[in-house]
Amino acid sequence: MHTNLNIKKMTIHINSNINISNLLFVGFIFFSINALSQTNSTQRTYEIWDDSPAHNRGSVFSIIKADGYPFDRDWEAESYPIGNGYMGANIFGRTDTERIQITEKTLANEGLYGFGGLTSFSETFLEFNHKKVENYKRSLSLNEAILYVSYESNGVQYTREYLANYPDNIIAIKLSANKKGKISFNLRSEIPYLKGPEEKNAKTGKTFAENDLITHSGNIAHFNVNYESQIKVINQGGKVIAKNAAGKSEIIVSNANAVVLFIATGTNYKLSEKIFLEETNNKKLDVTVFPHEKVSKLIKSAADKGFDVIKENHLKDYQKLFSRVNLMISSEQSKETTKTILEQYKNGISNTYLEELLFHYGRYLLISSSRAGTLPSGLQGVWSQYEVTPWTGGYWHNINVQMNYWGAFNANLAETFIPYLEYFKAYQPKAAILATDHIKWSNPSALDAKDEDNGWAIGTGATAYRISNPGGHSGPGTGGFTTKLLWDYYDFTRDTSYLLETAYPALLGMSKFLSKTLKNSDSGILLVEPSSSPEQSHNGQFYNTKGTTFDQAFVWETYNDLLKSAKILNKNDDFLNTVSNQITKLDPILIGKSGQVKEYREENEYGEIGDKMHRHTSQLCALYPGTLINSSNPKWIDGVSKALDLRLDDNYTIPQDEIYGAYTEWALAHRMNLRARTKEAEKAGIMYSRLIKEFTVSNLWTICGPFQIDGNLGAMAGVVEMLLQSHEDYIELLPALPKAWNNGEFKGLVARGNFEIATKWENSIYSSLEILSNSGGICSLKLPYLANLQIKDSAGNLISFTKESQDKINFETKKTTRYYLSFGSKIEK
């Protein structure tokens with residue numbers, strides 16, 4: 001008897017490719033309800049560290065160019081990032097003059113094409129003049145989200161701590177020494193990229209130092225952004241003197257025992273529908289609103305609490321997210337600096353600890369760049385030192401913003417997706433207008449008679465201030481790509497209130513829009529027209545056609561998710577009949593003469609249309625992040641594998657002039673996930689390895705020319721996908737485990753159905769399994785052997801189960817109850 005028939009059935013599948021003959025004993029499989037039982041494993045301490053400061057060569061604004069975009073090698077590759085979702089800071093850890101570069105997500109200028117783009121907020125310098133130092137170390141603790149700098153100079157041990165606190169929205173820095181009266185420095189701070197009112201990206205501002213406070217304030221004309229930051233100096237002992245002279249504002253600290261700096265920022269930006277509905281750029285914000293009071297309150301609150309409380313609040317907040325997951329795929333931690341093990345890795349010395357570290361760094365970056373009440377994590381997360389951030393630093397909906405959040409769900413960080421949900425609700429009214437505009441242009445006969453119900457649409461480009469219509473180089477499937485995220489948030493959390501209030505209406509609206517992009521063909525197939533596979537070109541122009549696999553597949557994905565949602569919620573909207581009828585007429589997946597999943601319906605041999613080495617593999621999104629292509633159709637799976645083989649030779653050496661062709665960090669991250677779904681473990685591992693070797697720099701950021709965070713976050717999702725899958729209505733453990741990861745363990749990863757999972761494996765065989773059922777419901781398991789299976793609850797009572805087939809059972813789970821599954825003393829082949 002099922003307690004909730006609306007809960008999707010979940011199956012746990014032990015990889016049938018495991019060599020069971022090597023398995024002498026499988027202990028217990030534990031199913032824990034509501035709280036994972038304690039395991040013997042403990043979370044490792046992870047840090048990115050170096051034995052020298054980051055370089056800061058030349059003027060802070062002196063940059064070189066990379067493929068037309070600004071590029072500061074020292075900032076990109078060597079500085080260490082901290083962030084709290086609202087703002088980020090890049091720390092150089094220098095002992096002569098420390099550089100602290102601040103970014104705030106809502107501060108935007110004209111950017112690319114007037115679309116609006118992230119721009120650097122401020123530059124702060126601490127002039128120590130410590131030039132002869134010993135025993136230097138700077139380290140970014142991923143377990144704490146605190147950056148440490150320590151060294152000795154003239155017989156004094158100096159220590160600094162840097163953190164970005166989310167609950168108090170403050171950056172806090174503590175400077176201390178092992179001897180009294182030894183902390184002296186000049187603090188100066190600058191507003192970068194000031195320009196006159198007649199110049200492009202016009203920006204005004206002033207800096208003033210008074211007592212223990214430096215204040216920046218000004219305006220960026222394009223969107224009428226009023227901005228302010230304050231830096232508070234709190235000294236123990238010594239003297240603090242403020243000076244304003246010769247156009248320079250500074251605070252001089254002399255002979256202090258310890259010093260704390262608090263940094264707060266703010267603008268007059270307020271996320272709302274008006275931001276996107278208002279077409280006049282300089283009317284999007286209320287220019288009469290100034291952030292002074294807000295910033296002052298943040299500074300006062302932090303000063304009243306003091307550094308220790310701010311640090312404690314930070315650790316409690318951050319660690320409740322970061323400590324959820326423990327994942328180890330290496331036997332021991334490397335003792336060399338991070339840049340050393342990365343350089344060794346690039347030179348062919350494999351290191352599973354580095355692969356493990358990069359996974360946890362992805363979790364750190366997502367927590368640091370995406371928190372409720374802040375804007376979503378963009379192309380650069382929450383970090384940019386540039387006047388014009390590459391590609392605006394915005395939200396690109398033909399793969400990049402989706403990739404940022406793939407790992408939010410399976411890596412147990414679903415809360416980090418809330419900023420995108422808040423952003424979506426703000427832009428949705430504008431998206432409804434764009435849907436009507438698109439249908440008026442592309443298929444006017446399909447318009448709703450009153451122009452009231454054409455759904456909503458989202459194109460590729462989006463920022464904090466604008467969204468765009470589909471078309472140009474990417475078809476309307478970008479909208480379905482986006483609603484897949486909205487469905488996945490439900491599927492992993494099983495929050496039915498969210499499904500009712502947000503996901504279902506979004507899926508319904510997107511389905512209505514996509515249904516109006518479909519046109520009948522002579523064969524009776526419904527085809528999206530016009531249709532484009534993202535950013536693909538042919539004969540030097542973006543290639544527009546009918547029924548690309550990208551667009552057709554995301555119509556199917558959206559329709560399928562809508563129908564599942566309607567069943568869960570017992571909805572009976574009339575439009576659901578249209579969806580049920582149209583979903584059978586999409587014919588979304590075709591196999592070409594080369595054995596490949598086709599990108600275009602008119603394609604025969606692979607590569608005869610478009611760039612055969614293109615960075616996007618949009619025709620394969622139906623496998624990942626979609627579910628249309630799955631193991632129920634092996635021919636399609638083989639077609640994906642063939643398309644990947646033809647798109648990217650795993651052993652191909654990248655020439656630098658092809659960096660934006662088949663080879664970008666995010667392209668490799670996507671292919672890592674795709675190879676995990678095809679169960680090609682070694683090839684998935686190669687994609688991860690190549691991403692590290694070719695696109696990862698010494699601070700472990702991934703770069704695509706300039707830094708882009710999607711490579712880091714997509715790889716994080718890929719690691720989980722290699723270890724745990726649940727997209728086919730069952731949970732599968734170690735589905736794409738490469739030989740290099742033959743021993744390991746994880747705890748806290750999440751499968752659809754809101755099951756948290758822990759397991760440990762040796763020689764590629766797992767000997768223990770724990771599952772936390774956060775939402776209850778039916779749990780189905782697919783296991784290779786059911787003989788001697790016993791299920792007991794936490795009280796030791798035997799629990800009955802139903803054997804559906806030779807390898808499948810199901811039983812009910814309840815909240816707060818633990819279930820233990822055992823198989824007897826041994827399993828032999």
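Where in the chain is Pro530 placed? In this predicted model, Pro530 lies in the loop between strand E25 (526-528) and strand E26 (531-538).

**View 1. Two cis peptide bonds that precede proline residues Pro530 and Pro625.** Glu529 and Pro530 are joined by a cis peptide bond with omega at about -5°. A cis peptide bond also joins Tyr624 and Pro625, with omega at about 10°. Pro625 belongs to the loop between helix H12 (575-582) and helix H13 (634-647).

**View 2. An open sheet of seven strands.** The strands follow the order E6-E7-E8-E11-E16-E21-E20, and their pairing is antiparallel. Strand E6 (80-83) and strand E20 (239-245) each have a single partner strand and stand at the edges, so one side of each is left without a neighbour in the sheet. On average, neighbouring strands of this sheet are turned by 20° against each other, direction ignored. Within the sheet, strand E11 (residues 122-127) pairs with strand E16 (residues 183-190) in the antiparallel sense over five bridges. Phe125 has Arg188 in E16 as its bridge partner.

**View 3. The surroundings of Arg99 in strand E8.** Strand E8 spans residues 97-104 and contains Arg99. Arg99 counts as buried because its relative accessibility is 0%. Its side chain makes a polar contact of 3.1 Å with the side chain of Asn56. The side chains of Arg99 and Gln385 are joined by a polar contact of 2.6 Å.

**View 4. Ser217 and the residues it touches.** Ser217 is placed in strand E18 (residues 213-220). With a relative accessibility of 18%, Ser217 counts as buried. Leaving aside residues up to four places away in sequence, Ser217 touches Ile191, Thr204, Gly205, Lys206, Tyr227 and Glu228.

**View 5. Positive phi values at Tyr113 and Asn154.** Tyr113, a residue other than glycine, has a positive phi near 55°. Tyr113 is found in the loop between strand E9 (108-109) and strand E10 (117-118), and is exposed, with a relative accessible area of 78%. Asn154 is not a glycine, yet has a positive phi of about 55°. The loop between strand E13 (146-153) and strand E14 (156-165) holds Asn154, which counts as exposed at 75% relative accessibility.

**View 6. Salt bridges that link distant parts of the chain, with Lys200 and Glu110 as one pair.** Lys200 and Glu110 form a salt bridge in which the closest N and O atoms are 3.3 Å apart. Lys200 lies in the loop between E16 and strand E17 (203-210), whereas Glu110 lies in the loop between E9 and E10, 90 residues apart. Lys200 is partly exposed, at a relative accessible area of 46%, and Glu110 is partly exposed at 22%.

A salt bridge also joins the side chains of Asp168 and Lys305 (2.4 Å, N to O). Asp168 is in the loop between E14 and strand E15 (170-177), and Lys305 is in helix H3 (residues 292-305), with their positions 137 residues apart. Asp168 is buried, with a relative accessible area of 10%, while Lys305 counts as partly exposed at 34%.

**View 7. A network of salt bridges.** Asp50, Asp51, Arg138 and Lys339 are linked by salt bridges in this network. The count of salt bridges in the model comes to 41.

Notes. Residues are numbered from 1 along each chain as its sequence is written. This is a predicted model: local features need pLDDT of at least 70, side-chain atom pairs count only at pLDDT 80 or more; totals for chains, interfaces and linings use all residues. Side-chain values use heavy atoms; hydrogens and water are left out. Helices (H or I, at least four residues) and strands (E, at least two) are DSSP runs, numbered from the N terminus. Buried means under 20% relative accessible area, exposed over 50%, partly exposed in between (1.4 Å probe, protein chains only). A polar contact is a pair of N or O atoms within 3.5 Å; within protein, one must be able to donate a hydrogen and the other to accept it, and residues adjacent in sequence count only if both atoms are side-chain atoms. Contact means heavy atoms within 4.5 Å. Two strands pair if DSSP finds at least two bridges between them. Axes are lines fitted to C-alpha atoms, for helices over the stretch in contact, and angles run from 0 to 180 degrees between N-to-C directions. A salt bridge is a side-chain nitrogen of Lys or Arg within 4 Å of a carboxyl oxygen of Asp or Glu.
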